[in-house]
Amino acid sequence: MNVFSNRLFLNVLLAASIAVPSLAQEAHVGDLTGNAANGKKLYRRYCIGCHGPLGDGNGENAAWIDPKPRDFTAATFKCRSTPTGTLPTDQDLYNSIGRGFYNSNMPHWDALPDQNRIDLVAYIKTFSPRWKTEKAGDPISIPPEPAVTMQSITHGAELFQKMECWKCHGQQGRGDGPSAATLTDSKDNPIRPYNFAAGGDDSRFKCGATNQDVYRIFITGVDGTPMPSFADVIQPNDAWDLVHFLRTLQTSRHSKENDVLKAAGGKIPVKAADAPSGSGGQ
Amino acid sequence: MRTKQLFLVASALMVSPALLFGAGTISGKVTYTGTPAKQKTIDMSKEPTCAKQHTTPVTTETVVAGPNNVLENVVVYISAGADDASAPSQAVTFTQKGCQYIPHVLAMHIGQELKVVNDDQTSHNIHPLAKVNREWNKSQPPGTPPLSEKFDKEEFIPVKCNVHPWMHGYFAVLKTTHYSISGENGGFSLPNLPPGKYTVTAWQEDYGTQTQDVTLTGNETKTVDFSFKAKPY
């Protein structure tokens, strides 16, 4: 390559990078590589109505939607495997698109081909410059789940008191704790705490349905909402105990936790001193 | 050689070298005109462990005014002209006590360690609603050790506790160590400034920012006052 064509090549490259700087983003999940340019076409077909042409969550439908569509320009995401305040992994975003968001207008897009979903992830990452300057956080590690025992459930119930989960979620986990009515998300829109007792065997959380998902939700926190991260204050095995207790709040859902509780007589022996008064759930 | 010795002497005395060549001070007062909005009384009855710590009614602190129209909690800082010093090694501390933030406005340098302490018998969640920095949200139950955090970029960040919705505060993340927060008499002081041209900015959480240019020629003290127009509601 002579000097002239070399320079020409560089100029073309420069021009291209100025013209479409935002589309240089890629995304990777397993063997899949997302292409933002393809993702843009898909976005304009499937996502633009709610998330808007600018990705700021102000699409045509947004005014009639509660909770509001995600604002991708803020790069704050609810469902992450990464610590609070960090960017999610490509896998996290890919999972969110496929899973949809329970109790919201975001449907599950698992009918789309895998390649389409990863292309969408690549395009979503073009809306905030954070993706160019920051790396995704390191996913939290989740130790293997110990056996479900009454001891584990009881200790989980104690943690539920000690961590004051009931302040928002209520003593029975119905989402009616004393602080529930005042909660707003980071855009000042009212938001309800999760009601564990609603729903039966089809119960899901916004960020998944498995015990591992429950573990991940309270350790990473749900960014952009009042739900904080408990990563610094709950030890790994204690966290599993809390998961086991939370499952018993889903009273109409069949689970090993509810089986163990039922076999033990259906009552959790909570120390009287730990049971505070003043919960809206009582 | 001479300069080096001077510098060594200065370092040994823990004095900024600027002092040797003359260091000025910018000081003044922050006031308001008009009538500030009446602050709301906070009802803490849902959190008895906090309510019992207060003998007098607690109010919101969006605007803290004193006698003679002075304004407290205004961050006054050098926004241009001073070297961007590196972050001080000692941490700044933000304490949750009686379900209030102490101080209500906490200034810090970019990258400086921020310690968040929970002195209460209740769980708080510390939720800085950052837009330029990263937004995070952490739970801090009673008896847990202080959280250690830092912010990378200049920003005034509102901080709230979602469990206790009346708790509001601010982190002022600055790229200078030359800052002062107006006290009970509305006064502020920015000492140890070498001769030069400076832009002084005053920030109040409800009233926004004001700037003034100041030139220091030696070790004089220049008076700069700020006056904000109060919002009636």
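User: How many of the 14 residues of H10(A) are buried?

Analyst: We're in a predicted model here: local features need pLDDT of at least 70, side-chain atom pairs count only at pLDDT 80 or more, and totals for chains, interfaces and linings use all residues. Residues are numbered from 1 along each chain as its sequence is written, with chains lettered from A and ligands numbered from 1 in the order in which they are written. Among the buried ones (20 or more other C-beta atoms within 10 Å of the residue's own, placed from the backbone) are A:Trp240, A:Phe245 and A:Arg247. H10(A) is largely enclosed by the rest of the structure, because its buried residues number eleven of the 14.

User: What covers the buried residues of H10(A)?

Analyst: Helices here are DSSP runs (H or I, at least four residues; strands are E, at least two), numbered from the N terminus. For H10(A), the cover includes these elements of chain A: H7, H9 (211-220) and H11 (256-263).

User: At what angle do H7 and H10 of chain A pack?

Analyst: H7(A) takes in residues 150-162 and H10(A) residues 236-249, with axes 7 Å apart. Axes are lines fitted to C-alpha atoms over the stretch in contact, and angles run from 0 to 180 degrees between N-to-C directions. The pair counts as roughly perpendicular (65 to 115 degrees), because the angle is about 90°.

User: How many nonpolar residues does the contact of H7(A) with H10(A) have?

Analyst: Contact needs C-beta atoms, placed from the backbone, within 7 Å. From H7(A), A:Ile153, A:Leu159 and A:Phe160 are among the participants, and H10(A) brings residues including A:Trp240, A:Leu242 and A:Phe245. Alongside five polar and two charged residues, the nonpolar count is seven.

User: How far apart are the end C-alpha atoms of H10(A)?

Analyst: The expected span is 1.5 Å times one less than the number of residues, so the 14 residues of H10(A) should cover 20 Å. The model agrees with that, as the ends sit 21 Å apart.

User: Which element gives the most to the side of chain B that touches chain A?

Analyst: In that interface, 19 residues of chain B are in contact with 23 of chain A. Strands E9 (124-128) and E10 (138-140) of chain B each supply at least two residues to the chain B side. With three residues, the top contributor is E10(B).

User: How many strands are there in chain A?

Analyst: From the N terminus, the elements run α-β-β-α-α-α-α-α-α-α-α-α-α. Next to eleven helices, the strands number two.

Terms used:
Two residues are in contact if their C-beta atoms, placed from the backbone, lie within 7 Å. Angles under 35 degrees count as roughly parallel, over 145 as roughly antiparallel, 65 to 115 as roughly perpendicular and the rest as oblique. Ala, Val, Leu, Ile, Met, Phe, Trp, Tyr, Cys and Pro count as nonpolar, Asp, Glu, Lys and Arg as charged, and the others, Gly among them, as polar. A residue is buried if 20 or more other C-beta atoms lie within 10 Å of its own, exposed if 12 or fewer, and partly exposed in between; C-beta atoms are placed from the backbone.
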